[in-house]
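Please read this briefing alongside the sequence and the model. Topics are taken in turn: the sheets, the helices around them, and a few single residues.

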Amino acid sequence: MTAIDLGMPALGGQAGVPAATARQSAKDFKSGQEVRWCPGCGDYAILAAVQGFMPELGLAKENIVFVSGIGCSSRFPYYMNTYGMHSIHGRAPAIATGLAASRSDLSVWVVTGDGDALSIGGNHLIHTLRRNVNLKILLFNNQIYGLTKGQYSPTSEVGKVTKSTPMGSLDAPFNPVSLAIGAEATFVARALDSDRKGLTEVLRAAAEHRGTALVEIYQNCPIFNEGAFDALKEPGARENRIIALRHGEPVRFGAAGEYGVVRGRDGRPAVRAVAEVGEDALVVHDVADPDPSYAFALSRLGGQGGEHTVTGVFRSVARPTYDDQVRAQIQHAKDAAPAGLDALLRGKDTWTVAP
């Protein structure tokens, strides 16, 4: 496929992926399949945001792949007019790793939910993050199991009453952003399903990143966990709860920017009134800080109760990607083996077993 100059080059994280040969719109990324989620589900808003953002990549649809696991979110590939695969419960990152490692011409995206990614798929997720495979993971977090009708999930709060925990959940929940930063993921972000502008900004930053990019998206489940994030959406309240991060800018929030984040005496981030501490005391957000402890501390701000919720890009650092290194290693083996790679694979430490 021959690329032409559209004045909109492929984003940085998509290097090596063929460009589209014509301008595209959101309509080009709609598959024509009937979208079937429950009325009011946050997945609709996320789908619209992704379809609206895809043309910005400037990539041929045939070179974009969405891989999902199992769950409500995992219907996603059916609704994207790209290649896609509805895979196995929790195993989408493993399948996507194989694609990214074997096909440098593909832009690979994973769509998963809090149950799919953090329960049966927990190990696949953390190993993908630590390896820094060049793929993008969209983790829909509605703090419940929706497809199997309302059981508590790995992100449900302590005391959550569900069909599987009628007396309240005793499990401490995962914080997906903290988990990803703990695995030293090179890109970690959070957005809300209802915040189209903020979600699109995060998607754009994730696409520009070369390496594993994890985006947690708070997503409302109107049937089994209605209103889980209402406090972050109500006018007059959300301004004092949501702390939106912007690289290179002081971390402040509130209707008039009257609150900010400072480093406390113990070194941990703390919320203070700007009038009390002064502008110079505010933390200036740096996504490129190589030490993950700063981003991790930000991810813990607010605690389980959600007094404050941090959104935006927490971390974006450069590190060699797993798939690039795999391809380089294979090429090195080919170059180093006089008789070729096949001779190396069938060297002296192999045996032929007779029938």
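Two strands are said to pair if DSSP finds at least two bridges between them, and strands (E, at least two residues) and helices (H or I, at least four residues) are themselves DSSP runs, numbered from the N terminus. On that footing, strand E5 (residues 187–192) and E6 pair in the parallel sense over six bridges.

This is a predicted model, in which local features need pLDDT of at least 70 and side-chain atom pairs count only at pLDDT 80 or more, whereas totals for chains, interfaces and linings use all residues. Residues are numbered from 1 along each chain as its sequence is written, and side-chain values use heavy atoms, with hydrogens and water left out.

**The eight-stranded sheet**

- Strands of a sheet pair through backbone hydrogen bonds, either parallel or antiparallel.
- An open sheet of eight strands follows the order E2-E1-E3-E4-E6-E5-E11-E7, and its pairing is mixed.
- Its edge strands are strand E2 (83–86) and strand E7 (242–244), each of which pairs on one side only.
- From one strand to the next the twist averages 20 degrees, where angles run from 0 to 180 degrees between N-to-C directions and axes are lines fitted to C-alpha atoms, for helices over the stretch in contact.
- Strand E3 (residues 107–113) pairs with E4 in the parallel sense over five bridges, and the bridge partner of valine 110 in E4 is isoleucine 137.
- Strand E4 (residues 136–141) is in turn paired with E6, in the parallel sense over six bridges, and isoleucine 137 has leucine 214 as its bridge partner in E6.
- In the pairing of E5 with E6, alanine 189 has valine 215 of E6 as its bridge partner.

**Burial of strand E6**

- Six of the six residues of strand E6 (residues 213–218) are buried, so the strand is largely enclosed by the rest of the structure; buried means under 20% relative accessible area, exposed over 50%, and partly exposed in between, with a 1.4 Å probe and protein chains only.
- Both faces of E6 are covered, since Ala213, Val215 and Ile217 on one side and Leu214, Glu216 and Tyr218 on the other are all buried.

**The three-stranded sheet**

- A further open sheet has three strands in the order E8-E9-E10, with antiparallel pairing, and its edge strands, each pairing on one side only, are strand E8 (252–253) and strand E10 (269–273).
- E8 and strand E9 (residues 259–263) run antiparallel and are joined by two bridges, with phenylalanine 253 standing opposite tyrosine 259 in E9.

**Helix packing**

- Two packed helices are described by the angle between their axes and the distance between the axes.
- Helix H3 (residues 92–102) and helix H11 (residues 322–336) pack at an angle of about 50 degrees, with their axes 8 Å apart.
- That angle makes H3 oblique to H11, given that angles under 35 degrees count as roughly parallel, over 145 as roughly antiparallel, 65 to 115 as roughly perpendicular and the rest as oblique.
- Thr97, Ala100, Ala101 and Ser102 of H3 make the contact with Tyr322, Asp323 and Arg327 of H11, contact meaning heavy atoms within 4.5 Å.
- H3 also packs with helix H5 (residues 122–131), at an angle of about 35 degrees and with the axes 8 Å apart, through Pro93, Ala94 and Thr97 of H3 and His124, Leu125 and Thr128 of H5.
- Helix H7 (residues 196–208) lies across E3, E4, E5, E6 and strand E11 (309–316), and runs at about 160 degrees to E5.
- In helix H1 (residues 43–53), the buried residues are Asp43, Ile46, Leu47, Ala49, Val50, Gln51 and Phe53, and they pack against strand E1 (64–68), helix H2 (76–79), E3, E4, H7 and E6.

**Single residues**

- Alanine 15, in the segment before H1, is partly exposed, with a relative accessible area of 44%.
- Leaving aside its neighbours within four places in sequence, alanine 15 is in contact with Ser104 and Arg210.
- Most residues other than glycine have a negative phi.
- Glutamine 143, however, has a positive phi near 60 degrees; it is placed in the loop between E4 and helix H6 (176–182) and is buried, at 17% relative accessible area.
- Glutamate 184 likewise has a positive phi, of about 60 degrees, although it is not a glycine; it is placed in the loop between H6 and E5 and counts as partly exposed at 42% relative accessibility.
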